[in-house]
Amino acid sequence: MHPVSHQHHTTYIHDATACEECDLLIPATPLEMGQASCCPRCGHTLSRHLPQQELRPIAYGFAALIMFVLANAFTFMSFSAKGVGQEMTFLQSITTLVDEGYLFLGAVLSLTLIGLPLVYMGSIMLVLWRVDKDLHSNALRSLGRLLCRIKPWLMVDVFLVGVLISLVKLMGMADIKMGLSFWAFVGYTLLLIKMISSLDQMWLWQRLFGPTEAREIDPEAGALESGLVGCHICGALSEVGSHSCSRCGGHLHARKPGGLNRTWALLFTSAILYVPANLYPIMDTVFLGDDSPSTILGGVVLLWAMGSYPIAAVIFFASVVVPLVKILALFWLCYMVQRGNVTSPLGKLKLYRMTEFVGRWSMIDVFVVAILAGLIRLDNLMTIYPGPAAVAFAGVVLITMVAAMSFDSRLIWDLQQGERERE
């Protein structure tokens, strides 16, 4: 297959596909500008016909790259207390962790805030810019698959919220000023979000390699029961037993490999890490030689005592409630599927969607620690160091994210289909 030539369409017809969340077959559907195609069974959005999908991501991407350069060119934040001051650049929030020996945390921040966002922006702009210029089809496929896989790991918006929470924590202690780089980082975050939202994944693959072959499908049947499997990357349908997608080259599995065993293993690992993440200090504050370690709950109590009730609630919800509820919710979903419970599949799917959506926001506390440790380095007055719980907590967040990704929501609907067949 070769990229198709550029055409201006007021109507976009997305390919026949299978819903990646419930496996229902969806026929090819014409969409007018601004319309979206949703699964009639579970409500999952399959495709959107967005305006100027070739130009807007490139424009947002170039603007975001400019903002990224500016975010690293000037002072990010400055901190002064009792006549002593300290300035921090954006990169210092990462290099400080490395200097203190927290290589894992430094690597996590480097990837989620710099490496993966830059790869994502570069890949989108290269793919869309070269779409009509004979870039090798295998290169296009590799870049397209890369885009889909790294998208959940972009966390610049979570980091920005972490910066705002750090401000509230510091306002009662010292004079805080935001540098030019902070405002550039705000622009970088907003432009990256706009870039992501201005491109539809299914449209991109159809634009690159054309529509898939027309198929006669039963719109009330699941893909697996019809002998088909839908590609999670580009949405193309293939026969069950095919090892790779004919359009994007991605590996095909009727159901995610490993079944529930992989999800169970990841959940038990995250549950074990959740204990030290809450028992050990997440940061150490040294003030005039006095060492004051603080746990996650200790930080929440301190913010509450300072009167910062909304911020204390956000930290408590994101760092204590969300990881625990997510682990328990996934445990419950795995148990229900393994037990063969067929009741309320849509309710179970909504719970799964919620756990998948909120999981990344638990990284706020890790980012707050990185910001405070990078900014407050007043050796003779006050210094903040990351605590051992920061590593455990980052592990909980990342492992639960992987656990949610490894859980196959289509198993919920397989139970319902099996019940119908027995009847």
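Here are a few worked exercises on this predicted model.

**Exercise 1. Work out how far the model can be trusted, and where to be careful.**

Start with the chain as a whole: its average pLDDT is 84. Next, look at the share of residues that clear the bar, and you get 91% scoring at least 70. Then turn to residues 1-8, where the pLDDT is below 50. In the model this stretch does have 20 contacts beyond near neighbours in sequence. Still, where pLDDT is low, the predicted coordinates should not be read in detail.

**Exercise 2. Check the overall dimensions of the chain against what a compact globule would give.**

First, take the length: for 423 residues, a compact globule would have a radius of gyration near 22 Å. The chain comes out at 24 Å, so the two agree. Now get a feel for the outline: along its principal axes, the C-alpha trace spans about 75 × 50 × 35 Å. On the inside, 52% of the 423 residues count as buried. Finally, take the contacts between residues at least 6 apart in sequence: 73% of them join residues at least 24 apart. The parts list for all this is 14 helices and 15 strands.

**Exercise 3. Find out how many disulfides the structure has, and why Cys148 and Cys334 form none.**

A search of the whole structure turns up zero. To see why, use the cut-off: a pair of cysteine sulfur atoms has to lie within 2.5 Å. For Cys148, the closest cysteine sulfur belongs to Cys248 and sits 7.7 Å away, too far for a bond. For Cys334, the closest one is in Cys42, 19 Å off, which is also too far. While you're at Cys334, look at its surroundings: this residue is buried, with a relative accessible area of 0%.

**Exercise 4. Compare the end-to-end reach of helix α3 with its expected span, then locate its bend.**

Helix α3 covers residues 103-129, which is 27 residues. At 1.5 Å a residue you'd expect 39 Å, and the distance from first C-alpha to last is 36 Å, close to that. Now follow the axis along: α3 bends by about 45° at Leu111.

**Exercise 5. Place Asp23 and Ser344, two non-glycine residues with positive phi.**

Take Asp23 to begin with: its phi is near 75°. Asp23 lies in the loop between β2 (17-18) and β3 (25-26). Its relative accessibility is 4%, so Asp23 counts as buried. Ser344 has a phi of about 45°, and you'll find Ser344 in the loop joining α10 (309-339) and α11 (345-358).

Key: Residues numbered from 1 in each chain as written. Predicted model: local features only at pLDDT ≥ 70, side-chain atom pairs only at ≥ 80, totals over all residues. Heavy atoms only, no water. Helix = DSSP H or I, 4+ residues; strand = E, 2+ residues; numbered from the N terminus. Expected span 1.5 Å × (residues − 1). Bend = angle between axes of the 7 residues up to and from the residue. Buried < 20%, exposed > 50% of the residue type's maximum accessible area, 1.4 Å probe, protein only. pLDDT = per-residue confidence, 0-100. Contact = heavy atoms within 4.5 Å. Rg over C-alpha atoms; globule rule 2.2 N^0.38 Å.
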